[in-house]
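Colleague: I am new to this structure and would like a close look at one part of it. Please choose a strand inside the fold, follow it outward through its neighbours, and then show me how it fits into the whole.

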Amino acid sequence: MTVTGTPDTFRRLQLDFYRDAAQRYDSWAGGANVRAAERLATFADVQTHERVIDIGCGTGLISRSLGLGGSELRHMAVDLSPDMVTYAREQASADRGVDYSVMDAHRLVFNDSLFDIAILGQSLAYLEDPWQAFSEIRRVLRPNGRIAVSCRCRSLSTPAQGVFFERLERLAIRRARTPAHHALFGEPWVLTNMLEMAGFADIRVTQLLVGVRAADVHEWTEMMEWSGPWPHAMIGLLSPGARATFEEELDRTMHRLGEGDYAFHGAFTLATGRLRDQSPAQPTSESEPEETADVSAARSSLYASDSEPALSSP
């Protein structure tokens with residue numbers, strides 16, 4: 001099956017996906033994202049004196065799991081998607097300890113050495129330039145600051161997941177996606193090496209596996225469509241007839257797996273580290289972040305809780 005798609009960028013696909021996925025993100029795949037957020041929050045072991053920045057906060061799962069709502073500190077949760085940030089604010093309407101803001105992880109608007117711990121829940125693999133984001137994270141962390149990261153571990157996926165993505169590849173739809181090597185970020189040795197190269201030490205790693213099974217090909221395709229921006233864009237381009245053909249061919253292949261058909265693993269690698277004793281790296285971009293309503297609000301809230309301005313000048 002061949003379908004021709006219009007040119008796009010991966011960032012555009014991300015924003016489209018998170019706009020449509022905001023309402024269902026928390027319940028996806030039997031609550032796999034909730035389980036991953038709760039596990040990362042526990043693994044991060046944030047102390048009451050530590051100020052948090054949640055980068056790629058999505059629906060705010062991790063910030064809520066950390067129980068920061070009643071904190072006397074002003075924590076930040078940022079995401080590229082306005083729709084995700086809006087939903088996160090709605091879910092945390094009674095909490096006062098976290099400010100949610102639309103912001104690019106590659107261009108954090110904060111002053112240096114402001115936060116004690118940076119948390120990236122499943123966002124690292126979707127960043128266009130992870131090393132630029134790491135540079136920004138080092139800059140905004142205080143000396144001896146910490147990082148906590150979770151990524152999906154593709155090598156622990158089931159054969160059924162492999163079949164699904166193989167069938168998607170056969171559609172020959174041209175859609176932008178992250179570089180292929182980003183799929184390796186969730187391998188424990190890769191994530192460890194990345195954090196060490198990014199300037200962190202004392203790396204600790206653990207993993208989480210959440211299993212779920214779809215009842216049939218329709219439920220499976222629906223679940224897998226919402227597994228990320230690329231499958232969402234691919235499946236969304238199919239007409240009802242083309243989708244029916246795709247599911248028919250997929251079902252035939254799945255039944256060859258026997259008892260493994262329609263089994264899904266939400267597999268996650270989690271890691272923490274501490275910033276090595278060195279001067280924070282300076283951001284590589286010479287451009288200044290755009291002053292938006294969210295940035296202004298973040299500037300005001302954090303400035304009110306510190307003796308010095310918290311954000312860089314626009």
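**The strand β2 and its surroundings**

Modeller: A good place to begin is a single pair of residues: H75 has V98 as its bridge partner in β3. What you see is a predicted model, and everything I describe is to be read in that light. Moving along the two strands, M76 is likewise bridged to D99 of β3, and altogether β2 and β3 are paired in the parallel sense over 5 bridges. On its other flank, β2 is joined to β1 by 3 bridges, again with the strands running parallel, and here V78 of β2 is the bridge partner of I55.

Is β2 buried or exposed? Of its 5 residues, 5 are buried, so the strand is largely enclosed by the rest of the structure. Its two faces can be told apart residue by residue, with H75, A77 and D79 lying on one side and M76 and V78 on the other, and both faces are covered. The partner strand β3 has 4 of its 5 residues buried, so β3 too is largely enclosed by the rest of the structure.

Part of the surroundings of these two strands is a helix. In α4, which spans residues 82–91, the buried residues are M84, V85, Y87 and A88. Viewed down the axis of α4, these buried residues fall within an arc of 165°, so they line one face of the helix. As a general point, an α-helix makes a turn every 3.6 residues, so residues three or four places apart point the same way. The cover over the buried residues of α4 includes β2 (75–79) and β3 (98–102), together with the helix α1 (10–21).

With that local picture in mind, we can step back to the sheet. It is an open sheet of 7 strands, ordered β3-β2-β1-β4-β5-β7-β6, and its pairing is mixed. The edges are taken by β3 and by β6 (200–213), each of which has a single partner strand, so one side of each is left without a neighbour in the sheet. Averaged over the sheet and ignoring direction, neighbouring strands are turned by 15° against each other. Going from β2 through β1, the order leads on to β4. Strand β1 (residues 52–55) runs parallel to β4 (residues 115–121), with 3 bridges between them, and D54 stands opposite I119 of β4.

Towards the other end of the sheet there is another helix to consider. Helix α8 lies across β6 and β7 (263–275), and its direction is at about 20° to that of β7. This helix also has a helical neighbour, and in general two packed helices are described by the angle and the distance between their axes. For α8 (residues 217–225) and α10 (residues 240–255), the axes come within 10 Å and cross at roughly 110°, and the two helices are therefore roughly perpendicular to each other. On the α8 side of this contact are V217, H218, W220, T221, E222 and E225, and they meet R243, F246, E247, L250, D251 and M254 of α10. Sorted by character, the residues of this contact comprise 5 nonpolar, 2 polar and 5 charged.

One residue of α8 shows this meeting in detail. T221 has 0% relative accessibility and therefore counts as buried. Apart from its neighbours within four places in sequence, T221 touches I235, R243, F246, E247 and L250.

Two details of the backbone also deserve a note before we finish. Most residues other than glycine have a negative phi, yet A29 has a positive phi, near 50°. A29 belongs to helix α2 (residues 28–44) and, at 6% relative accessibility, counts as buried. A positive phi of about 50° is also found at D45, which is not a glycine either. D45 sits in the loop that leads from α2 to β1, and with a relative accessible area of 48% it is partly exposed.

Finally, the chain as a whole holds 11 helices and 7 strands, and 53% of its 314 residues count as buried. Taking the contacts between residues at least 6 apart in sequence, 82% join residues at least 24 apart.

How values were computed:
Residues numbered from 1 in each chain as written. Predicted model: local features only at pLDDT ≥ 70, side-chain atom pairs only at ≥ 80, totals over all residues. Heavy atoms only, no water. Buried < 20%, exposed > 50% of the residue type's maximum accessible area, 1.4 Å probe, protein only. Arc of directions from axis to C-beta. Contact = heavy atoms within 4.5 Å. Axes fitted to C-alpha atoms, helices over the stretch in contact; angles between N-to-C directions. Parallel < 35°, antiparallel > 145°, perpendicular 65-115°, else oblique. Nonpolar A, V, L, I, M, F, W, Y, C, P; charged D, E, K, R; others polar. Pairing = 2+ DSSP bridges.
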